[in-house]
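Work through the three exercises below with the model open. Try each task before reading its solution.

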Amino acid sequence: QLQLVESGGGLVQPGGSLRLSCAASGFTSDYDATGWFRQAPGKEREGVSCISTSSGLTNYADSVKGRFTISRDNAKNTVYLQMNSLKPEDTAVYYCAAGVLYDGSYWYIPTLYDYWGQGTQVTVAS
């Protein structure tokens, strides 16, 4: 089993920044992909970004490219999502997810991930 715990969410003004963290514990060697997803009220869960633990390859949704940066610290089993230039439309619950295999083409599909965190709220408002 793998446990994921997100942190770092909160309320921020438009144009501001937040850094989300996803700390993994348990059988951390069993997964290669860590993804960030978000879900706003009334909307489907969407992929935001993904990183491969083994290769460091990354993927981003078009809506966040140039504003968000995903990174990892393998020694700490932690993945980060640095979010800059935040917009009101970034408001959502953000989830961390881990999958056994990394897929650079379909990383944004939630069913490819085996483990999920509880989510952290990000609210962008003035």
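A nonpolar patch joins nonpolar side chains within 5 Å, taken from residues with over 30% relative accessible area and no salt bridge. The model used here is predicted.

**Exercise 1. Find the nonpolar surface patch and place leucine 112 in it.**

Step 1. The patch consists of Tyr106, Tyr108 and Leu112. Together they have about 300 Å² of accessible area.
Step 2. Leucine 112 sits in the loop between β9 (92–99) and β10 (115–116).
Step 3. Check the cut-off: patch residues need over 30% relative accessible area. Leucine 112 has 37%, so it is partly exposed.

**Exercise 2. Explain how the side chain of glutamate 6 is accommodated without a salt bridge.**

Step 1. Glutamate 6 lies in strand β1 (residues 2–7). It is buried.
Step 2. Look for an opposite charge. The nearest such side chain, arginine 45, is 7.7 Å away. A salt bridge needs the atoms within 4 Å.
Step 3. Look at the backbone instead. The nitrogen of cysteine 96 is 2.7 Å from a polar side-chain atom of glutamate 6. The backbone nitrogen of glycine 119 is reached at 2.9 Å.
Step 4. Add other contacts beyond four places in sequence, including Trp36, Tyr94 and Gln118.

**Exercise 3. Trace the salt-bridge network.**

Step 1. The whole structure has four salt bridges.
Step 2. Arginine 38 pairs with glutamate 46 at 2.6 Å. Arginine 38 is buried at 5%, while glutamate 46 is partly exposed at 34%.
Step 3. Arginine 67 pairs with aspartate 90 at 2.7 Å. The two are 23 residues apart, in separate loops. Aspartate 90 is buried at 1%.
Step 4. Shared partners join Arg38, Glu46, Arg67 and Asp90 into one network.

Note on methods
Residues numbered from 1 in each chain as written. Predicted model: local features only at pLDDT ≥ 70, side-chain atom pairs only at ≥ 80, totals over all residues. Heavy atoms only, no water. Helix = DSSP H or I, 4+ residues; strand = E, 2+ residues; numbered from the N terminus. Buried < 20%, exposed > 50% of the residue type's maximum accessible area, 1.4 Å probe, protein only. Lys, Arg positive; Asp, Glu negative; His and termini not counted. Polar contact = N/O pair within 3.5 Å; in protein donor to acceptor, adjacent residues only side chain to side chain. Contact = heavy atoms within 4.5 Å. Patch = residues over 30% accessible without salt bridge, like charges linked within 9 Å, V, L, I, M, F, W, Y side chains within 5 Å. Areas by Shrake-Rupley, 256 points an atom, 1.4 Å probe, with all protein chains shown as cover.
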